[in-house]
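Biologist: Hi, I'm new to this one. Can you pull it up and walk me through it?

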Amino acid sequence: MIFEPEIEMMERNALEEVQSARLREMVSRVYESVPYMRDRLQGVGIEPSDITGIADLWKLPFTRKSDLRDTYPFGLFTKDKSNLLRIHASSGTTGKPTVVGYTAGDLDIFGKVCARALAGGGAEPGMLLHNAYGYGLFTGGLGIHQGGETLGMVVVPASTGMTERQVRLIMDFGTEVLCCTPSYALTIAREFARQGIDSKDIPLKFALVGAEPWTETMRAEIDSRLGLRSVNIYGLSEIIGPGVSFECTEERHGSHINEDHFLAEIVDPDSGTPLPDGEEGVLVITTLTKEALPLIRYWTGDVTSIERGECSCGRTLAKMAMVKGRTDDMLIVKGINVYPSQIEAAIGGVRGLSPFYRLLVDRSGTLDQLDVEAELSKEAFEEVATEFLSDEAVEADHLLRSIRDEAQRSIRDNIGISARVILLEPDRLPRSEGGKSQRVVDTRKVLVS
Ligand code: DLL
């Protein structure tokens, strides 16, 4: 189902006209009402009249997370805080949190873009939506909640944690749609298995997962363990929250960007130069309709690429590839750039491994060392245990070594880096309780321990 077909299937010329008109209006509004941004634009010699349409976008300067921090809490807002209906904030592991605000109009857009995503993922009015994104300052819980209500779904505001209860509610209510992070979807799947519930008896049909990078291997795992069809949902608080882009269940290949609200570009991470469609770089977004916190060329830090063209679902909205990671999550190991999701993809195809892994980066002397802790799948572990018990320790050892060697080879062949793979028993690594998962422990910066 397409929630707003008149927009989501709009002809590109017409869409670009809408974008240009909205961009002109937005730049003038920001110039008039945000002194910090007026100074920034004047500093690079830009007057609102210089921006006649989307072809002039490149002339505008980037806005970065540091601008939000420097003007904490409300310095980039166009409206006085008494005109807002809601505030969210990102926890911010370092320094001040990033604060974002919404007018009534912004919340209306938030609900609609999330409704578009839910509909794209297979949800329909009247279906039950189990929302296991965190409720609170994080945008995931309330954003998806409002999207569900906007679509006419019955929302179960489960939030995160208490996984046993989540499973019971889904079974008792006969819930069709699940929303949570991909890592939490796997935690929920494990709880279903623990309770002895077979995937074919789980009522769930669709899942919209996002808020952190994930891969096709994880998708296959989520789909088969929960007996559903999962799609990606992407977004960030600064732009609105979830609902910036979403996959359609027809293709599940690229996430449609809600381009009537969010103008997307891909730029070179070093020079900031816009890159052509299909090339990988940093996603930069300009909000076209946001009232409280409009942002000009916001540097998301997320690495992806954009494709335009026909989609079998009928939508004409451009699509962005799965986010590979954030430029600030990128590890440089022995001089080679590595995103955790690349390691995940490289070991994902190795038979005998589960989707759970963790990267440990350390330095001995001047040499970086990358260790990949990877859990064995339950089946492989049982095979090894059976061989040990029946006095076939040599075969067991052989099996473990072959899994390890294949994982190391795959990392070397795919990423060009040598890593030591450490095999763990199932369930040894910390599991997601609903929030974003931490996959990297980098001790290179530790001065004293
Ligand atoms: O994570 C909003 C959200 C909630 C999106 C629920 C999807 C579902 P923030 O906490 O501000 O907002 O974090 C935004 O998370 O810049 C990406 O680095 C990452 N991210 C979000 N969605 C995806 C995704 C929410 N589908 C940051 N794939 C973004 C990969 C994602 N990374």
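**Core and ligand**

Modeller: Sure. Leaving aside residues up to four places away in sequence, Leu118 touches Ala123, Leu129, Ile144, Gly147, Gly148, Leu151, Met153, Val177, Cys179 and Leu208. Keep in mind that this is a predicted model.

Biologist: Okay, and how many residues are in the largest nonpolar core?

Modeller: That core has 65 residues, and Leu118 and Val177 have the most contacts inside it. Helix α5, residues 104–120, gives the most to this core, with 9 residues. There's also a second, separate core of 26 residues, with Leu331, Leu353, Ala380 and Ala396 among them.

Biologist: Switching to the ligand: which residues are the closest?

Modeller: Asn232, Ile233, Ser237, Asp302 and Lys436 are the closest, out of 21 residues that surround the ligand.

Biologist: What does Lys436 do there, atom-wise?

Modeller: One of its polar side-chain atoms lies 2.8 Å from an oxygen atom of the ligand. With Ile233, a backbone N or O atom sits 2.8 Å from a ligand nitrogen atom. Ala211 has a polar backbone atom 3.1 Å from a nitrogen atom of the ligand.

Biologist: And how much of the ligand's area does the protein bury?

Modeller: 93% of the 600 Å² that the ligand exposes when taken alone.

Biologist: Which elements give two or more residues to the shell?

Modeller: Those are α6 (139–151), β7 (229–236) and β8 (241–247). The largest share, 5 residues, comes from β7.

Biologist: What's the shell like by class?

Modeller: The shell around the ligand has 9 nonpolar, 7 polar and 5 charged residues.

Conventions. Residues numbered from 1 in each chain as written. Predicted model: local features only at pLDDT ≥ 70, side-chain atom pairs only at ≥ 80, totals over all residues. Heavy atoms only, no water. Near = heavy atom within 4 Å. Polar contact = N/O pair within 3.5 Å; in protein donor to acceptor, adjacent residues only side chain to side chain. Areas by Shrake-Rupley, 256 points an atom, 1.4 Å probe, with all protein chains shown as cover. Helix = DSSP H or I, 4+ residues; strand = E, 2+ residues; numbered from the N terminus. Nonpolar A, V, L, I, M, F, W, Y, C, P; charged D, E, K, R; others polar. Core = buried A, V, L, I, M, F, W, Y, C linked by side-chain atoms within 4.5 Å. Buried < 20%, exposed > 50% of the residue type's maximum accessible area, 1.4 Å probe, protein only. Contact = heavy atoms within 4.5 Å.
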